[in-house]
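Work through the following exercises with the sequence and the model open. Each task is followed by a solution in steps.

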Amino acid sequence: MALTTACGSGDRTDAAPVANDKVQAGSGSGYGDDSGTDKGQAGGDGYGYDSKGDSNRPAAQGAPARALALRQSPELGPVVTDSKGMALYRFDKDTAEPPNSACSGACATTWPPVPADDATAASGMAASALGSVTRADGTKQLTIGGWPAYRYAKDTAPGDTKGHGVGGTWNAFAPDGKKATAGPAADVSVFDQPKLGKLLVDKEGRTVYRFNKDSAWPMRFGCNGACLDTWKPVGPADKSKLAGVPEKLISTVTRPDGSKQLAVDCWPVYTFSGDKQPGDVNGQGKMGTWFAVSPEGKKITSPATG
């Protein structure tokens, strides 16, 4: 169905000994006893546990992480989790160059080190981000971006990020190994995807796509009926909630059924039902007609370079 009104640039309702070993890294498919410093406080020793307790307690045995995943946090954006959805953390008193852990004894009971065995990268992470460090007891701990990875004993359910900010020194991992950034989630933002480079995502962190059989002018929707079971129109965005996206590229168009849809550079955009977590780009190039969208509003047709 074609509409005869231009999209324009505004909203339109008519349109220790250290070994930096590499861990096998591939595409992930997965979709305590703490009486110390509270989250957000910088007091104490920064270890986030009761350092006056028995420092000789053995560290909790961490379970293998297996296929890492990315989970969208409303407060932190995409954070790295293990295959069961439990958040992974980094510690400011560790080092990344070279990798070294400063958390042992009672600290490692509250913050169990994540074993390096069997860990593989999520699709939204660079394979090269994963490595390992040999701890004082000879075990190998997973590193992300060089930083040793831990779980938090007070996280009890997938999606918990209770460890973020504890002692002012513990932070959930972002996909690149940096600290997850606190702040409200943006309706449209930029994600640096290892294979495709910088692309646009919705507020759930899902990749957005445009369809060659749509058109920006005259406005035409080529995805209707059964197509919408697989490709979901993205809802309108609040222009005050954009991150890394020029406001002039964002508009709202009206579909044939009267519903409103986000448009980027006048092109309607969709998410793909086959994408299960932030960073997934399983819809890229489907049928030669579906493509992720760059921060400049253009379709991405080539892999990232550099």
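**Exercise 1. Aromatic residues**

Task: Find which residues form one aromatic cluster in this predicted model, and how many aromatic pairs the count comes to.

Solution. Step 1: the cluster is formed by Tyr47, Tyr89, Phe91, Trp111, Tyr150, Tyr152 and Trp170. Step 2: the count of aromatic pairs comes to 12, with ring centres within 6.5 Å as the criterion.

Task: Classify the pair of Phe211 and Trp290 and place both residues in the chain.

Solution. Step 1: a pair of rings is described by the distance between centres and the angle between planes. Step 2: for Phe211 and Trp290 the centres are 4.1 Å apart and the planes are at 10 degrees. Step 3: planes under 30 degrees apart count as stacked, so this pair is stacked. Step 4: Phe211 lies in strand β14 and Trp290 in strand β22, 79 residues apart, and the pair therefore links distant parts of the chain. Step 5: both Phe211 and Trp290 are buried.

Task: Do the classification for Trp231 and Trp290.

Solution. Step 1: the ring centres of Trp231 and Trp290 are 3.8 Å apart, with the planes at 0 degrees, so the pair is stacked. Step 2: Trp231 belongs to strand β16 (residues 231-233) and Trp290 to strand β22; the two are 59 residues apart, and this pair links distant parts of the chain. Step 3: Trp231 and Trp290 are buried.

Task: Which rings have the charged ends of Arg90 and Arg210 over them?

Solution. Step 1: the charged end of Arg90 sits over the ring of Trp147, 3.9 Å from the ring centre. Step 2: the charged end of Arg210 sits over the ring of Trp267, at 4.0 Å from the centre.

**Exercise 2. Nonpolar cores**

Task: Which members of the largest nonpolar core touch the most other members, and which strands each supply at least two residues?

Solution. Step 1: this core has 35 residues, and those touching the most other members are Leu68, Val80, Leu88, Met125, Leu142, Ile144 and Leu199. Step 2: at least two residues each come from β9 (140-144), β13 (197-202), β14 (209-211), β21 (270-272) and β22 (290-292). Step 3: beyond its neighbours within four places in sequence, Met125 contacts Leu68, Leu70, Val80, Leu130, Ile144, Pro175 and Pro194. Step 4: a second, separate core has 15 residues, including Cys103, Ala108, Trp170 and Ala180.

**Exercise 3. Strand β8 and its hairpin**

Task: Is strand β8 mostly covered or mostly open, and which way do its residues point?

Solution. Step 1: β8 (residues 130-134) is mostly covered, with five of its five residues buried. Step 2: side chains in a regular strand alternate between the two faces of the sheet. Step 3: Leu130, Ser132 and Thr134 point one way, Gly131 and Val133 the other, and all are buried. Step 4: β8 pairs with β9 in the antiparallel sense over five bridges, and Val133 has Gln141 as its bridge partner in β9. Step 5: five residues lie between the strands of this hairpin, where Gly138 takes a positive phi near 90 degrees.

**Exercise 4. A three-stranded sheet**

Task: What is the strand order in the open sheet of three strands, and which are its edge strands?

Solution. Step 1: the order is β13-β12-β17, with mixed pairing. Step 2: β13 and β17 (242-243) are the edge strands, each pairing on one side only. Step 3: β12 (residues 188-193) pairs with β17 in the parallel sense over two bridges. Step 4: Ser189 stands opposite Ala243 in β17.

Conventions. Residues numbered from 1 in each chain as written. Predicted model: local features only at pLDDT ≥ 70, side-chain atom pairs only at ≥ 80, totals over all residues. Heavy atoms only, no water. Core = buried A, V, L, I, M, F, W, Y, C linked by side-chain atoms within 4.5 Å. Buried < 20%, exposed > 50% of the residue type's maximum accessible area, 1.4 Å probe, protein only. Helix = DSSP H or I, 4+ residues; strand = E, 2+ residues; numbered from the N terminus. Contact = heavy atoms within 4.5 Å. Phe/Tyr/Trp six-rings, centres within 6.5 Å; stacked < 30°, edge-to-face > 60°. Lys NZ or Arg CZ within 6 Å of the ring centre and 35° of its normal. Pairing = 2+ DSSP bridges.
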